[in-house]
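Thanks for making the time this morning. I would like to walk through one protein model with you, going from single residues out to the whole chain, so please bring it up on your screens.

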Amino acid sequence: MNLRRVVVTGMGALTPIGKTVPEFWDGLINGVSGAGPITRFDASLFKTQFACEIKDFNVEDYLDRKEARKMDPFTQYAMIAVDEAMKDSGLDLETINLHRAGVIWGSGIGGLKTFQDEVVDFANGDGTPRFNPFFIPKMIADISAGFLSIKYGFKGPNFVTVSACASGTNALIDAFNYIRLGKADIFISGGSEAAVTEAGIGGFNAMKALSQRNDDPQTASRPFDNDRDGFVLGEGAGAIILEEYDHAKARGAKIYAELVGGGMTADAYHITAPHPDGEGAANVMKFALEDANLHPENIDYVNVHGTSTPLGDVSEVKAIQKVFGEHAYKLNISSTKSMTGHLLGAAGAIEAIASILSVKNNIVPPTINHFTDDENLDSKLNLTFNKAQKREVRAALSNTFGFGGHNCSIIFKKIEE
């Protein structure tokens with residue numbers, strides 16, 4: 001069968017380095033660190049006392065107070081980012097077929113703060129079960145897609161993907177497949193996460209996953225650096241409007257880039273550690289290239305998962321060299337998590353936006369906070385250290401990997417009319 005083309009017609013971002021897409025992009029290309037001391041709660045007794053929080057955030061600047069109280073922060077973030085994306089897309093809800101418009105969202109954890117607060121309140125009580133009637137609707141991960149479909153009247157496929165840190169990319173790939181198979185014309189897709197809570201920081205600390213560089217949080221997220229000591233937790237949302245190409249052309253939409261391929265694999269190795277040789281990571285990039293009908297030489301930029309963990313960064317670079325061979329030395333490779341921190345289920349969505357804007361603007365964001373080379377990494381690779389680089393970006397590949405061994409890769413390229 002002939003697969004339909006899928007394009008990006010709108011984007012929205014709420015991140016630690018910018019609360020709109022233009023602000024986010026400006027932060028990326030200028031190498032801004034989003035890390036700082038935690039303000040959400042008193043973190044003085046925690047091993048990690050910093051995170052990448054959204055700065056100066058007041059939900060009532062965006063949402064009605066009464067409505068916002070029905071939502072966990074991860075859903076609030078989704079609503080805000082999608083509002084920007086929908087406005088950016090120029091979609092007219094009066095003229096589109098709402099039965100062929102859907103929502104596929106991603107979140108690795110969902111309503112963590114809601115769950116934490118309700119359980120703590122119960123534990124501190126006298127044993128009488130007093131729970132907020134919105135406890136369950138606020139907590140469940142799928143409620144974000146539910147709220148979005150209700151707001152915009154989208155009556156097509158509606159669900160949330162949960163594949164840990166791969167969730168946002170997983171959602172985009174699912175939406176991509178629905179459109180190209182002719183099951184829908186438009187999707188709201190992306191991901192959101194709000195895990196900067198006592199449970200989030202404490203839980204990841206217990207796993208020894210987070211950086212503990214409390215004396216210098218701004219440089220703590222340092223992918224590929226010899227002295228990296230774990231990731232920095234981030235929060236926020238990224239939203240992308242995906243649309244069938246002819247549908248977008250017919251309404252005169254602006255088109256940022258074309259989504260041309262995606263891959264999904266499992267490491268089948270360990271619940272948290274990546275495969276040491278990057279087997280799953282290599283396979284997922286190969287599958288994405290095959291799906292896009294592209295060769296390794298067609299890719300100019302790889303936005304890596306690059307979380308700043310000792311094992312993960314090395315295995316991903318091994319996988320890139322396995323897939324791209326000699327062309328790996330002609331790539332720009334960078335980890336935007338060095339600036340945003342790790343947004344877990346939202347990471348794939350905001351990194352997809354970074355990749356799309358790299359294709360559109362021919363600029364590769366940097367990997368900041370590089371001080372010391374890691375002898376386990378090939379020094380001839382261009383890891384785009386510390387400063388953005390201008391170059392032609394015909395196509396960009398973005399990787400996201402999650403606990404449980406979930407791997408996703410997605411490819412965007414310049415639109416050919």
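Let me start with Thr384, which sits in the loop between S11 and strand S12 (389-390); helices here are DSSP runs of H or I with at least four residues, strands are runs of E with at least two, and both are numbered from the N terminus. Thr384 has a positive phi of about 55°, although it is not a glycine. Thr384 counts as buried because its relative accessibility is 0%, where buried means under 20% relative accessible area, exposed means over 50%, and partly exposed is what lies in between, with a 1.4 Å probe and protein chains only.

Before going further, I should say that this is a predicted model, in which local features need pLDDT of at least 70 and side-chain atom pairs count only at pLDDT 80 or more, while totals for chains, interfaces and linings use all residues. Residues are numbered from 1 along each chain as its sequence is written, and side-chain values use heavy atoms, with hydrogens and water left out.

Asn362 also has a positive phi of about 55° without being a glycine. Its place is the loop between helix H13 (347-361) and strand S11 (363-364). Is Asn362 buried or partly exposed? With a relative accessible area of 27%, Asn362 is partly exposed, whereas Thr384 is buried.

Next comes the residue that many of you will want to look at, Cys165, which UniProt lists in an unreviewed entry under "active site"; the positions are given in the numbering used here, feature names are shortened, and such annotations may be inferred rather than shown by experiment. Cys165 is found in the loop between strand S5 (158-161) and helix H7 (167-180). Its relative accessibility is 9%, and therefore Cys165 counts as buried. Which residues does Cys165 touch, if we do not count those up to four places away in sequence? They are His305, His342, Leu344, Gly345, Thr400, Phe401 and Gly402, and contact here means heavy atoms within 4.5 Å.

The same UniProt source, again in an unreviewed entry, lists residues 3-414 as "domain: Ketosynthase family 3 (KS3)". Over residues 3-414 the chain is 33% helix and 18% strand, and the end C-alpha atoms are 18 Å apart.

Let me now turn to three residues that show how separation along the chain and separation in space can be set side by side. Ala248 lies in helix H9 (residues 245-250), and it is buried because its relative accessible area is 0%. Leaving out residues up to four places away in sequence, Ala248 touches Val7, Thr9, Glu243, Ala253 and Ile255. Ala248 and Ala282 are 34 residues apart along the chain, and their C-alpha atoms are separated by 33 Å.

Glu417 is in the segment after strand S14 (406-413), and at 61% relative accessibility Glu417 counts as exposed. Setting aside neighbours within four places in sequence, Glu417 is in contact with Tyr245 and Lys249. Glu417 and Lys249 are 168 residues apart in sequence, yet 9.4 Å apart in space, C-alpha to C-alpha.

Lys318, in helix H11 (residues 310-324), is partly exposed, with a relative accessible area of 38%. Beyond residues up to four places away in sequence, Lys318 touches Pro276 and Asp277. The C-alpha atoms of Lys318 and Ser144 are separated by 36 Å, with their positions 174 residues apart along the chain.

Finally, the whole protein. Its secondary structure comes to 13 helices and 14 strands, and buried residues make up 60% of the 417 residues. Among contacts between residues at least 6 apart in sequence, 80% join residues at least 24 apart. Along its principal axes, the C-alpha trace spans about 65 × 55 × 40 Å. A compact globule of 417 residues would have a radius of gyration near 22 Å, and the protein's 20 Å agrees with that; the radius is taken over C-alpha atoms, and the globule rule is 2.2 Å times the number of residues to the power 0.38.
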